[in-house]
Amino acid sequence: MCGNEDDIITVGKYVIIKKLNFKKIYKVTMNGTLMLGKDAVQMQEIIGKPFWTTFEMVQVRGEKRTYSLKEVVETESLNDLLSELPSGSDNRSIIDDGTSQKLSKEQILQLQESGKSGKEIVGSLIENNKSFLERTEYSQEKYLKKKEQKYLRYITIWKPSINLLHDIYFKLDHNKIGNLRMDSLAQLLSYSDVQSDGLYILYDSGSHGLPAAAMLNRIGSNTKGHLINLHPGNEPQVALINAMNFPKEQSDRLLNVNIYGFLRLYYQGASAVLDKISKKAYDDDINKVKKVKNKNDENHVNKQLPQVEEEIGMKEETLDNNELNDEIKHSIGMKEKNLDDNESNDEIKHSIDEKEKNLGNNESNDKTKHSTDMKEANSDIVNELNKDVKHSTNGSLKRKRNESDKCKSAKLTPVKKPKWLPKTQEAVDLVNGSKARGLAIIAREHPLNIVIALLPFLGPSRPFVIYHVHREPLLETYMTLKQKQNVINLKLFSNFLRSYQVLPDRTHPDILTSDTGGYLLSGYLVQ
C-alpha cells in the first residue's frame, strides 16, 4: 500500500485503463462494469489498490465475454517465442487461402475454456501454422502483435495526466478538443506565462476543459494562483477537469463563469443586474396573468355554445313537425279531388268538406301558434345571448379594471439570487483586486470581439495568446490589434510537428498524423 492517499484508487476517482496500446477513461464506482469492445470487465477489484497496478482478466464461468480481475505481479511476453524460431527471407511463397492454420475455431475455444494462458494458446497457434516459419522476421512480429491483442488479457490502471488525457481525446476525435495538438497546448501555456501565483483568465468555447485542466495543473495545489474560466454557454465543459482528480482546495480556485454574465456584472453592478432580473420576472408574471384571463374568456364562450346549439336544434325539430302537417294536408287534398270526380257520393263529400273545414281551422290555429312560439323562442335566445355577452363584458371589464389596479399598485419584489451570481461576483472581485497576469483565448468563433472585451482585465506588460484552428480570423485580429498603441510584439505562427517511428531498419514518419495543430497569435499589453 502507498502512503499517499492521492495514489490510492477510491470510489469517485477517474482512472485510465490501459490494455496494450488502447486507453480509456473510467470513473470508479462501487460495482462498476467497464466495456472493452464487446468484453464486460467487473472493476470492483481495483478499489483500494494503488495506481499502476496490473490485473489479469479472468473469464467468469457460465458467462460469455464477462471477466473479473485478478492482481498480478508480472505479465507474460511473447517476445521469447521468436528467439527460438527461424524466419524466412520474403513472403512471396505464402498464399493466403485460409488453410495455414490447422486448429479449428472449436479447438481454439476449447484451449481457452481449459484455462490455458494466452502465451500457451499463441504457442499452439504458431506450432499449427504451416506458413509461420516462412514469414519474414517483421511479418512474424506483426502476427504476434495481432494475437497478443486477442489472447493476452492484461490491463494496467494508470493515473490521469494532461498528456494521457490529450492522447485519448486526440485519437478518439480531435475535433472535440478544437484540434488542439499537444505541442500547441504546451506553447499556449508558455506564452500565457502560467505560474503558481497570480490571477489568470481563460476563454474556452469548447475543448472539453482541456486548456483549463492544463492551466490549473500548472498552477498547482496549495498555491495562491486563481484561474477564471470564461465560457459562452449556460454550463461549462469540465469533463477533463474532473478527470484530473484535483483536490478540493485546488478546484475551488477555478471559477467557471459565463462571459456575458461576467461582463454585465462587472460594468453594471450586482444591484442593476438583480433589478433587471426582478423586472423580467415581474413582466413574465403579468404576461402569465393575461394569458390565463384570455383562456378563461375563451372557455366561458365555449361553455355557452352547446346550450345555444341545443335550443336551435329544438326549433329545427318544431319546423320538421310543421312540414309533416303540410304533407297530411296534401294527402287530404288528393282525396278531395277523387271525391269530386265521384258526384254520386254527396254524403261522403259533405263529410269530407266538414273535415276539411275543421282541419283548415286547426291549421290556421297551428300556424298562428307556431309563429308565436318561434317569436318567443327567438326572443328567449336573443335575451340569453345578450345576457351572456353583457355578463362576459361586465366580468371582463371588471377583471381588466382589477388587473389594471393591481398592475398600478404592484411593486418589484426582490427575487431569489440566481445560482451563477455568487461565482460571477467572486470572479469580479478578483479582477477588481488585481489585474490578470496572463490571458489565453481558445475560440471556435471569431476571436476579435472577445480579445477586445478581455484585454482591459490584463495587467500592464503581461502576455496574451489566442488560439484558432484557422488562420484567417487571427489575421483580421492581428491587423486590428496592430493599430492599437498599447499592444506590442504581435506574432502569428503555426507549429509543424511530425512524429517518427524509430525501429531498426524501419525508421520513418508516422503514416497517420494531423496536418495542422492550429494557429497561435501572441502579444503583450502595455500602458
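**Entry 1. Surroundings of helix α6**

I looked up what covers the buried residues of α6 in this predicted model, and the cover includes α5 (162–173), α7, β11 (438–442), β12 (462–468) and β16 (519–525). The buried residues of α6 are Asp183, Ser184, Leu185, Leu188 and Leu189.

I then examined the packing of α6 on α7. Helix α6 spans residues 182–191 and helix α7 spans residues 210–219; I noted an angle of about 50 degrees between them, with the axes 11 Å apart. That angle makes α6 oblique to α7. I recorded the crossing of α6 and α7 as right-handed. On the α6 side, Leu185, Leu189 and Ser190 make the contact, and on the α7 side Leu210, Pro211, Ala214, Met215 and Arg218 do so. Leu185 and Leu189 thus appear both among the buried residues of α6 and among the residues that meet α7.

**Entry 2. Backbone at either side of α6, and at Leu20**

I checked phi values next. Most residues other than glycine have a negative phi, and most peptide bonds are trans.

After α6 comes Asp193, and its phi is positive, near 55 degrees. Before α6, in the loop between α5 and α6, I found Asn179. The phi of Asn179 is likewise positive, near 55 degrees, in a residue other than glycine. Is Asn179 buried or exposed? Asn179 has a relative accessibility of 16%, and I therefore entered it as buried, the cut-off being under 20%.

Leu20 is not a glycine either, yet it has a positive phi of about 55 degrees. I located Leu20 in the loop between β1 (14–19) and β2 (22–27). With a relative accessible area of 26%, Leu20 is partly exposed.

**Entry 3. Ile441 in strand β11**

β11 is one of the elements covering the buried residues of α6, and I selected Ile441 in that strand for a closer look. Ile441 is buried, at a relative accessible area of 0%.

Which residues does Ile441 touch, leaving aside its neighbours within four places in sequence? I listed Tyr203, Ile450, Val451, Leu454, Val465, Ile466 and Tyr467 as its contacts. I also looked up the pair Ile441 and Asp204: they are 237 residues apart along the chain, and their C-alpha atoms are separated by 6.2 Å.

**Entry 4. Two further helix pairs**

Two packed helices are described by the angle between their axes and the distance between the axes. I looked up both values for two more pairs.

For helix α3 (residues 118–127) and helix α4 (residues 137–151), the axes come within 10 Å and cross at roughly 140 degrees. α3 and α4 are therefore oblique to each other, since only angles over 145 count as roughly antiparallel. The crossing of α3 and α4 is right-handed. From α3, Gly118, Ile121, Val122, Leu125 and Ile126 meet Tyr143, Leu144, Lys147 and Tyr151 of α4.

For helix α10 (residues 259–268) and helix α13 (residues 420–433), I noted an angle of about 60 degrees and axes 9 Å apart. α10 is thereby oblique to α13. The crossing in which α10 passes α13 is right-handed. The α10 residues in this contact are Gly261, Phe262, Arg264, Leu265 and Tyr266. Those of α13 are Trp420, Leu421, Thr424, Gln425, Ala427, Val428, Val431 and Asn432.

**Entry 5. The chain as a whole**

I counted 15 helices and 16 strands in the chain. Of its 527 residues, 34% are buried. The accessible surface comes to about 32800 Å², and carbon and sulfur atoms account for 51% of that.

How much of the contact between residues at least 6 apart in sequence joins residues at least 24 apart? I entered 74% for this share.

**Entry 6. Confidence of the prediction**

The average pLDDT of the chain is 80, and 73% of the residues score at least 70. I marked two stretches with pLDDT below 50. Residues 335–345 form one of them, and beyond near neighbours in sequence this stretch has four contacts in the model. Residues 355–371 also have pLDDT below 50, and that stretch has six contacts beyond near neighbours in sequence. Where pLDDT is low, the predicted coordinates should not be read in detail.

Methods: Residues are numbered from 1 along each chain as its sequence is written. This is a predicted model: local features need pLDDT of at least 70, side-chain atom pairs count only at pLDDT 80 or more; totals for chains, interfaces and linings use all residues. Side-chain values use heavy atoms; hydrogens and water are left out. Helices (H or I, at least four residues) and strands (E, at least two) are DSSP runs, numbered from the N terminus. Buried means under 20% relative accessible area, exposed over 50%, partly exposed in between (1.4 Å probe, protein chains only). Contact means heavy atoms within 4.5 Å. Accessible areas come from the Shrake-Rupley method with a 1.4 Å probe; for residues, only the protein chains shown count as cover. pLDDT is the predictor's confidence in each residue, from 0 to 100. Axes are lines fitted to C-alpha atoms, for helices over the stretch in contact, and angles run from 0 to 180 degrees between N-to-C directions. Angles under 35 degrees count as roughly parallel, over 145 as roughly antiparallel, 65 to 115 as roughly perpendicular and the rest as oblique. A crossing is left-handed if the near helix is turned anticlockwise from the far one by less than a right angle, and right-handed if clockwise.
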